[in-house]
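Welcome! Let us look at how some of these chains meet, and then follow one helix from end to end.

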Amino acid sequence: MKTRPIATAMAIGAGLIVLSGYFIPALDFIRIEMIQWAVVAGGTAALVGIGNLFTVHFQKVRRREKDSFYSLTLLVSMLGTLLAGMFSLFFNRSLAWLQPAVNAIIVPVEASLMALLAVTLLYASIRLLRRRPDWMSALFLLSAVTIIGATAILPLFLRDIGDVILSWMSLLLAGGGSRGLLMGVALGALTTGLRIIFGIDRPYGGK
Amino acid sequence: MTQIFGLVLFLIAALLLIVLTLIKRKTPPAFRDIASLTRLQKAAGMAVEEGTRLHVSLGHGSLTGPHGASGLAGLALLRQVSEQASISDRPPLASAGDAALAILSQDTLESAYKAAGAEELYQASNGRLTGLTPFSYAAGAMPLVSAEQISINVLIGDFGPEAALIAEAADRENALVIGAASDPAAQAVLFAAASDPLQGEELFAAPAYVGRDPAQRASLQVQDLLRWFLLLSVLAAAALKLAGLL
Amino acid sequence: MADILCPHCNRPNPDDQNICSFCRQPLHIVADDKAIHPGDMPTKKITSELEPFLPQWLRDARAHAEEEQVEPPAAETSQPAPAEPAASDWLAGLEAASRNEDEEELPDWMRGIGPSKPTPKPDQPKKAAPGLTRREEISWEEEPSPAPQPAEPPGTGPLGATRSEDGIPYWLKTAEAAAPKETPPDLPAPKEETTSSGNISPFESGTFRPNTGELINWLDKMSPQVGETAPELPRADLPASEPLPDWISSLDNEAAGGKETELNFDWFKDETATPLAAFQTGAETPEQTLPEETSQAAPPAPENSPDWLNAMPATGETAFAANNLPDWLSSPVAETSSAEPAKPSDTPDWMSAFAAQTAPASGEALPDWMKPTTDAPSSKEEAPSLDWMAPVAESSAPKEEALSFDWMSPTAEAATPAGETSASLPSVPAFLPGADELLDTNMPGWLSEIAPSESSSAAPALKTEPAFQDEITPAELPSWVQAMRPVEAALPNMPAINEPRSQPAESQGPLAGLRGVLPLAAGAFVTGKPRAYSIRLEPTSAQQQHAALLEQMLEAETQARPMRGDSLLPGAQRGLRWGMAVILVALIGLLLFSGARFLPLPSLLTPESAYVLDVMNAMPAESPVLLVFDYEPALAGELEAASASFLDYLTAFRNPRYSVLSTSPTGAALAERLLAKSQAIQPERVTWLGYLPGETAGILSFAMNPRAAKPLAQDVNAYADYALVLLLTDRAESARAWVEQTSAQRGGRPLVVIASAQAAPMIQPYLPRQVNALISGLRGGAAFEGATGQAGPAQTYWDAYNLALLTAAALIFLGGMWNLFAGLRARRQEKADA
């Protein structure tokens, strides 16, 4: 049985209904309901994704591939967290047993990644002019230095001027540029959604 | 008022998209050259010849969120490049920070292999969920870049500043990094970290430049037309505001 | 009858003739008629006008070819497609002329050279068979003949070699092969005459056989034509069964027998007893000498002797018992150095011209072929040799002499060197003096031109230029040849005609001087020895370079090449990273662990944070406050530092009831982390609503009906019941979503956003209506602490934060400049190396 036409029809129908619900108040309840269904489906997809993650790393451990130790660590951590949460919910009716994992593992790890990001961005900024010696790179670095200076240095010595410069750069330059980018992104999202509604793009396994 | 304006804009965009998709021109529309996408096309072929992988990172944006469209654009690009690279000894990889996006990436890879006539080469594990949070997703994607002999990394989707970590990992492997994000902060980060960054809505132009699909090209034209429309509208509104009419 | 001197060869011709009997040129030169020289471009001629000037043999040949085309030509090779009618125009006149019976100019003895078939005139003009060109109508090939064919000489053609390998002309061979009797062993079997004239045709071997008997019948006509003013052209319709003339067959007998045979010159019996009779009885061996006794009676003329020979008076001076020999035949026999003009009464006019013109001083009055004795008058012992039958002189004779057709020349005896005798044939001069008339007007030009050159005597004679002479001066082409030359109109489709310069010019033959007549196929003519190619491979320098390049490419394939290489080495890259990391970590760690606080906190709130105090002052005490945690664990440090003091201040100031909601999976855990650190917030005043999925849709659904979305919400029935919505986020999209989705349901309630520094610029545009206050990152928190005088984590991180930023800025600036100049220097060096 070919399921592609059915999937395409469902995608188009759902998109039209949700879109019309934004403009037609009478269809609002349908829109909300369908969004709820999408949320549930998304949650289910999360479980599927976790299963896929588990499978990939399990295969990696089983084949003893390179860096399989890290995959084993991931698997152990995943299973341990799952078990801890289930037990915590079962016994404490809360997720209190997961809090140490968050406090001790998740937050520090991601914070470390954030710190690494800071060094990475610093290194990338230093290498930028060597990699792409153009006017855009020079402007980028100049703005970065200016904002940093306005944030950290000027308030120490020239508070008012620092605030003015920072506000001016933040609101006028950064804000205006960001709004322009976001408007373009919004238009792109609009046309992408239209292609999904019209069935031109079928990321769910179309042509 | 806002809803009416949105409805009008939607109808105009829909009508333009249909007309520009169906109309047949003798000469195709001319778009400006984007060097990063041109390099991507060449690099994809070189990756196949060298026997290295192509990695497409779709970001962590949910499809139900405001940045879901960027994920769909990433899926479209994945469809095109994976069809070209399906004959490689090392098939392309797709990573995502959202479960639904990861499942769709698997489906997209499968359809690409089918289109290329190499359905037997498809592996479901080539589309992966590397993490549920942005930094965990980046943390899962970094070893992917270094361990799977990836020569081309395409970061297209909803990213945050963590995209710099993926780009840096790829840079350490001397791999090509093409970054396109919908978030301005991510764009700023990718501008410094990626070798070939894309700015603004060039993210949505990538499938049209790579795939040469008429519908994709028509959507680019619609974007250009609507952008001019918005530009003129903003200027008009600002003028009216200054005049005190609004 | 007055004679007309030919303007070309200066020989007498009857005045009623239009064509010279010797050179076949028109006797009367038209004023505008110009001779054609090689190299001249052909001019268009109407070939039908030139028909009268065509030789009869040519016309007969074409007629014969037309006859044969009725049957499918089996022996012929494949010929090209039929030419267009325009292309065959040059033969149109020939075809018409060939049917004309009145213009038979070939002597009988030559007429018999034609095909073996009798040539009755066809009742209807035969049309050319489809697929055959005009050229093919003239059959130059060997005709089927009942007579046994002699050995075919190789490479014969109409205009090809006329002598066999042994020097004997082919026509004679064919004639000898036709004679069934008296075949000398040394001579090839005479060919039985199959022509209508009854005489053996010298060309019957297939080289050249005109269909007319002009050349053959001249001998036959000699006797009956004596006394006639106008020589009658021999007819072509002679019986084909006539055997070889005795004078020819006698040559064979004499050569074979080696005995002194009595020459049978029956055909000469009425004329004179001349050595010519010896040819009738048999071939005479070289040892034999012509009987000199004049008393020797001439042998009776054979039945097949030419009439003109029979009519000739015999002389008693020679051993030839040809009583009917004309003077020109009789006088030169004994006197080789003297030539008596033929008596007009005895010889026909056309023969009288020979006698008049030929007055060899050296005694060459009689052609060699007619002399029974040798050429040397003093040498009686020399057997008369048939020089014209003798093989081509290999070494002794000069080349011109060897190729000479002495038998056609009246002064052949002078041309032939002494001693050039055939071993088996008597040496007889080919032409007797005055024998120019033998060559009637129908003699083709090429035939007359190849006659041996005259001696130094001033006597006019036929052109004795040998045919195969290397240095032949270009002759003026006769008109009938001109008619045969293609013109541009006749060959319009040939590209060579349109581009004559692209084709080489012909150097000889009728097409001399013309270009592009014969289509040249590229590479069709391979002259010379084919180039020998070595079997060894000899590549050129360019090929070697290409091979080396290919080898380099193949070697490069096996070598890994990065697609995008960084100019820095991997070690340098790692060192730089480690160095920067060490610097930052060291600085920050030192400041944190030292607890140094030398940088003052901001004393005033930032402009976007200025409204937060007003918001808190306006909210009632112990009102529900919605806390939304929408940030990632990676930015927990910044947001906790930014929000901790504010929450403590709010709790201490207004003691609200918190409803904690999270739109990210880890939000709840992060909220618990934050609230646990706060000492002011009591757990019993916090309601945990959990995770709100669906992002924008979930926010909207919650804003529309909080209790339906979250049943745990206490005493909050609507979104507007919350006195304050405090959003902690690290992304501007989340703030925007909350702003956009809850603006209608908020009911004027304030929205305060505590955002990361990276999102603040994007949220600032929503100030001050949609977002009432904004605390942006660590700086905002520090400013709030400074303004309220509270101690918080922001104050702890402030010095490290500022110094780290300063260090980063310095590293970016200095490192950027360094890399900029280093990169430029590296590129300059690369360009210089390239």
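In this predicted model, 41 residues of chain A and 44 residues of chain C make up the contact between these two chains. On the side of chain A that touches chain C, the elements giving two or more residues are α2 (28–62), α4 (99–131), α5 (135–152), α6 (154–157) and α7 (159–197) of chain A. The biggest giver there is α4(A), with 18 residues.

Chain A also meets chain B: 47 residues of chain A are in contact with 53 residues of chain B. On the side of chain B that touches chain A, helix α4 (residues 99–116) of chain B gives the most, with nine residues.

What kinds of residues form these two sides? The table shows how they divide.

| Side | Nonpolar | Polar | Charged |
|---|---|---|---|
| Chain A, touching chain C | 27 residues | 10 residues | four residues |
| Chain B, touching chain A | 35 residues | 11 residues | seven residues |

Now to the helix. Helix α9 of chain B covers residues 214–243, which is 30 residues. At 1.5 Å a residue it should span 44 Å, and the C-alpha atoms at its ends are 43 Å apart, so the two values agree.

Which residues of α9(B) are buried? They are Ala215(B), Gln216(B), Arg217(B), Ala218(B), Ser219(B), Leu220(B), Val222(B), Gln223(B) and Leu226(B). Just after α9(B) comes Gly244(B), with a positive phi of about 85 degrees.

Conventions. Residues numbered from 1 in each chain as written. Chains lettered and ligands numbered in written order. Predicted model: local features only at pLDDT ≥ 70, side-chain atom pairs only at ≥ 80, totals over all residues. Contact = placed C-beta atoms within 7 Å. Helix = DSSP H or I, 4+ residues; strand = E, 2+ residues; numbered from the N terminus. Nonpolar A, V, L, I, M, F, W, Y, C, P; charged D, E, K, R; others polar. Expected span 1.5 Å × (residues − 1). Buried ≥ 20, exposed ≤ 12 C-beta atoms within 10 Å, placed from the backbone.
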